[in-house]
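Colleague: I would like a close look at a single part of this predicted model, followed by an account of how that part sits within the rest. Please take your time over it.

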Amino acid sequence: YEIEGKLDQLDIYPNDMEGLKSHCKVFDNDWFEGSNFAIEKRMVFKDVELQELAAKIPCRSDFFRYVQWHNNAFKNARTKYSDKQTRIIYYERFMNRESG
């Protein structure tokens, strides 16, 4: 996509593994003027061992939000909306099933 007045993001971060790694490196290190990981350590990754592991995950904030969203959706489906009919679809089963 193109941001007004800026280079096309696919020119900067190609749609491949290296582009993802480059994007994540910039995002992880430079977000909030270089203080993103400091904020994450204070708010999310409080344990030193967890901080060391988290530092190795590219785009860790995005992955954390993704997991938290699904955890909260699952919790709400089981508690807040327990009187409603819900269906849990397991990604692995959905993607691995044969056509038909």
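Is C59 buried or exposed, and what is its relative accessibility?

Modeller: C59 has a relative accessibility of 4%, and because buried means under 20% relative accessible area, C59 counts as buried. Since this is a predicted model, what follows describes computed coordinates, and I will come back to the confidence attached to them.

The residue is placed in the loop between α4 and α5, and its backbone deserves a remark of its own. Phi of C59 is near 55 degrees, which is a positive value in a residue other than glycine. As a general matter, most residues other than glycine have a negative phi.

The side chain of C59 is engaged as well, for C59 forms a disulfide with C24, the two sulfur atoms lying 1.9 Å apart. The count for the model comes to one disulfide. C24 belongs to helix α2, which covers residues 17-34, whereas C59 lies in the loop that follows α4 (48-54) and precedes α5, so the pair ties together parts that are 35 residues apart in sequence. The torsion about the S-S bond of C24 and C59 is about -105 degrees, and the disulfide is therefore left-handed. Like C59, its partner C24 is buried.

It helps to set this pair against the whole chain. The secondary structure comes to six helices and zero strands, and, read along the sequence, the pattern is α-α-α-α-α-α. Of the 100 residues in the protein, buried residues make up 15%, and both C24 and C59 are buried. Another buried residue is A54, which is found in helix α4 and has a relative accessibility of 2%. A54 and F64 are ten residues apart in sequence, and their C-alpha atoms are 9.7 Å apart in space.

The two helices that the disulfide involves or adjoins, α2 and α5, also carry the salt bridges, of which the count comes to two. Side chains of opposite charge can pair when their charged atoms come close. In helix α2, K21 and E18 are three residues apart and thus separated by about one helical turn, and they form a salt bridge whose closest N and O atoms are 3.8 Å apart. K21 is partly exposed, with a relative accessible area of 46%. In helix α5, R65 and D62 are likewise three residues apart, about one turn of the helix, and the closest N and O atoms of their salt bridge are 2.2 Å apart. Both of these residues are partly exposed, R65 with a relative accessible area of 47% and D62 with one of 32%.

Helix α5 is also where the largest pocket draws most heavily on the fold, since the largest share of that pocket's lining, eight residues, comes from α5. The pocket has a volume of about 480 Å³, and its lining consists of 15 residues, of which H70, F74, I88, I89 and Y90 lie nearest its centre. The elements that give two or more residues to this lining are α5 (60-78) and α6 (91-96). By class, the lining has ten nonpolar, three polar and two charged residues.

The confidence values bear on how these descriptions should be read. The protein averages a pLDDT of 77, and 80% of the residues score at least 70. Confidence is highest in α5, at a mean of 86, and lowest in α6, at 69. Where pLDDT is low, the predicted coordinates should not be read in detail. The largest pocket takes two or more lining residues from each of these two helices, α5 and α6.

To return to the residue you asked about, C59 is a buried residue in the loop between α4 and α5, with a positive phi near 55 degrees and a disulfide to C24.

Technical notes:
Residues are numbered from 1 along each chain as its sequence is written. Side-chain values use heavy atoms; hydrogens and water are left out. On a 1 Å grid over the protein atoms alone, a cavity is a set of points where a 1.4 Å probe fits but cannot get out, and a pocket is an open set with protein on both sides within 12 Å along at least five of seven lines; lining residues have an atom within 4 Å of a point. Grid points are joined across faces, edges and corners, and a volume is the space filled by probe spheres set on the points. Helices (H or I, at least four residues) and strands (E, at least two) are DSSP runs, numbered from the N terminus. Ala, Val, Leu, Ile, Met, Phe, Trp, Tyr, Cys and Pro count as nonpolar, Asp, Glu, Lys and Arg as charged, and the others, Gly among them, as polar. A disulfide is a pair of cysteine sulfur atoms within 2.5 Å. Buried means under 20% relative accessible area, exposed over 50%, partly exposed in between (1.4 Å probe, protein chains only). pLDDT is the predictor's confidence in each residue, from 0 to 100. A salt bridge is a side-chain nitrogen of Lys or Arg within 4 Å of a carboxyl oxygen of Asp or Glu.
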